[in-house]
Amino acid sequence: MCGIVGAVAQRNIVSVLIEGLRRLEYRGYDSCGVAVLDARGPTRARSVERVADLEGQVRDGNLEGVTGIAHTRWATHGAPVTDNAHPIFSRDALALVHNGIIENYEGLREMLRGKGYEFISQTDTEVIAHLIHSLYRGDLFAAVRAAVAQLHGAYAIAVLHKDQPHTVVGARQGSPLVVGLGEGENFLASDALALAGSTERFIFLEEGDVCELSLDGVRIADRQGEAAQREVRQVAAYGGAVELGPYRHFMQKEIFEQPRAITDTIAQTDAFDASIFGEGAGQVFADIDSLLILACGTSYYSGLTAKYWLESLARIPTQVEIASEYRYRESVPNPKSLVVVISQSGETADTLAALKHAQGLGHKHTLAICNVGTSAMVRQTELSFLTHAGREIGVASTKAFTTQLVALFTLAATLAKLRGRLNDEQEADYLKQLRHLPAALNSVLALEPQIIAWSEEFSRKEHALFLGRGMHYPIALEGALKLKEISYIHAEAYPAGELKHGPLALVTEAMPVVTVAPNDALLEKLKSNIQEVRARGGQLYVFADADTKIVNGEGLHVIRMPEHYGLLSPILHVVPLQLLAYHTACARGTDVDKPRNLAKSVTVE
Ligand code: M6R
């Protein structure tokens, strides 16, 4: 999604800005741009192609400057055309980049038109540029503070003005923005990752903050306009760019990294001890009587899977809700409920807003399960558990999902132990299963050639159904999401028992029905559901545990999984579905790592 980079220095800063954009590219964008200040004012280059094209323009146009801002745009208001690409100018005096959505832009645009401002773009961003310009009286910091007070919605912005050649002003509300501190130079970015190589010292701005970067320092005002001191954090973890290695796509690489990612995630778990979730977790866990899980997309499906573990192992009532729904509905808060937010990025706007909404309703206990330790979600929750998936580049989440499942299983087992429902022997057994999981995953990954053979068939389909039961129903949902995200095949998932209540009407020879078939208590029921599909000429593609006795037959294609893996089985069963989606997308020739219309980190509503 949109990305911001800004810098004030004594050297030509263009390469730092371009490199920053390159580091944010994986998040998805459809245009990009850069602006620097020179003696005449801001000059810019913009492209509706990749950052590499922008770099070429910058080189050909000899764009140079010591103060600049840059942006990758993921279109919300207005098509991805050059006029809508950022930086957006106001009267050739001011340049601005913006992440987020301004909800009251129409009213502001009318007001600004009344003052004689001409609108060139279809963006909501242009109102911010003209608004700040209209309020500018020789102090950009003051003008930005006055302008943001009139904005409704979410924003992170970076602004420069021709009359202040060594100043970049930033502001944030609902979208992340960090300041990077250098020696005689300072930086701004929507993600610290963009500034790797330039600094390791960061200030993570808080909601409502406005900052002013100059050569020798940074000043920050809080929402009330008071000078604010913010903690400077050393973040060394942002190494170089992630290499693809022998893989064709990052998604494939990330699927195959899952054994390693899970090993890293469980490295901190010698016992199911509350302290894994942070200081004070033992007290919090003793206080709570239920869980409320909030998340989006794949992270939501990990929450749905966890509900089965939390309720069966720990016997703790668990509600799982899509964050974008929860934040806008009237719910009945329970202060004794632990709010668990799950997010790969920790910056998803809907999940962050749902967390704040829950806190506003009086939920005092919060836990983030997240892959990014410096993210807003981790900073805004009382407790946290970091998954150690490593950076996930592919838009379609894979290793983040399986490590979230590991984290959530650990939570369920920890709560079970605290509630007297897990004895020492069971604890040792679950720990052993967790440690064996990477090896078990490797044997599932070895099924890739068989899955490639199926994917050829799938690549010619336009629809697919996914079936699962019990805790494998969310795995079917995740399999369908993966397939539609990257292959653009329409896919839906159902609990297999629901088939005859409607979706069976869709089953014909042309409809592949992917079935997740673990050897669990629901196997016989699932076998009946399989027969319902066969009887109607449907084509079944079944991932069946070794001991299920489901075998190839007419209309029944089976890939044999390892032996049933008990409660942790969903973590194994999702992997062939990831591979099926991946190879089907490859066979269809889509842009696997950057599927159309999607972004890696959804920082707007
Ligand atoms: O960063 P998050 O985990 O909060 O992201 C949530 C969803 O946007 C994300 O899982 C999305 O559904 C993925 N593209 C799924 O592959």
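Ala, Val, Leu, Ile, Met, Phe, Trp, Tyr, Cys and Pro count here as nonpolar, Asp, Glu, Lys and Arg as charged, and the others, Gly among them, as polar. The model is predicted: local features need pLDDT of at least 70, side-chain atom pairs count only at pLDDT 80 or more, and totals for chains, interfaces and linings use all residues. Residues are numbered from 1 along each chain as its sequence is written, and side-chain values use heavy atoms, without hydrogens and water.

**Exercise 1. Describe the shell around the ligand.**

Step 1. Count the residues that are near, meaning that a heavy atom lies within 4 Å of the molecule. The ligand is surrounded by 14 residues. The closest are S299, S343, Q344, T348 and E485.

Step 2. Sort the shell by class. It has 8 polar, 4 nonpolar and 2 charged residues.

Step 3. Find the elements. Helices (H or I, at least four residues) and strands (E, at least two) are DSSP runs, numbered from the N terminus. The largest share of the shell, 3 residues, comes from α9.

**Exercise 2. Find polar contacts of the ligand.**

Step 1. Apply the cut-off: a polar contact is a pair of N or O atoms within 3.5 Å.

Step 2. Check the side chains. A polar side-chain atom of E485 is 2.5 Å from a ligand nitrogen atom. For K482, a polar side-chain atom lies 3.0 Å from an oxygen atom of the ligand.

Step 3. Check the backbone. A backbone N or O atom of V395 lies 3.1 Å from a nitrogen atom of the ligand.

Step 4. Add the cover, using Shrake-Rupley accessible areas with a 1.4 Å probe. On its own the ligand has 410 Å² of accessible area, and the protein covers 91% of this.

**Exercise 3. Lay out the domains.**

Step 1. Take the bounds from an automatic or database domain assignment. They are domain 1 (3-234), domain 2 (250-444) and domain 3 (448-588).

Step 2. Compare centres over C-alpha atoms. Those of domain 1 and domain 3 are 46 Å apart.

**Exercise 4. Classify the ring pair F409 and Y430.**

Step 1. Rings of Phe, Tyr and Trp (its six-membered ring) pair if their centres lie within 6.5 Å; planes under 30 degrees apart are stacked, over 60 edge-to-face, and the rest tilted. The structure holds 10 aromatic pairs.

Step 2. The ring centres of F409 and Y430 are 5.3 Å apart and the planes stand at 80°, so this pair is edge-to-face.

Step 3. Place the residues. F409 belongs to helix α13 (residues 399-418) and Y430 to helix α14 (residues 424-445), so the pair ties together parts 21 residues apart in sequence.

Definitions and conventions: A polar contact is a pair of N or O atoms within 3.5 Å; within protein, one must be able to donate a hydrogen and the other to accept it, and residues adjacent in sequence count only if both atoms are side-chain atoms.
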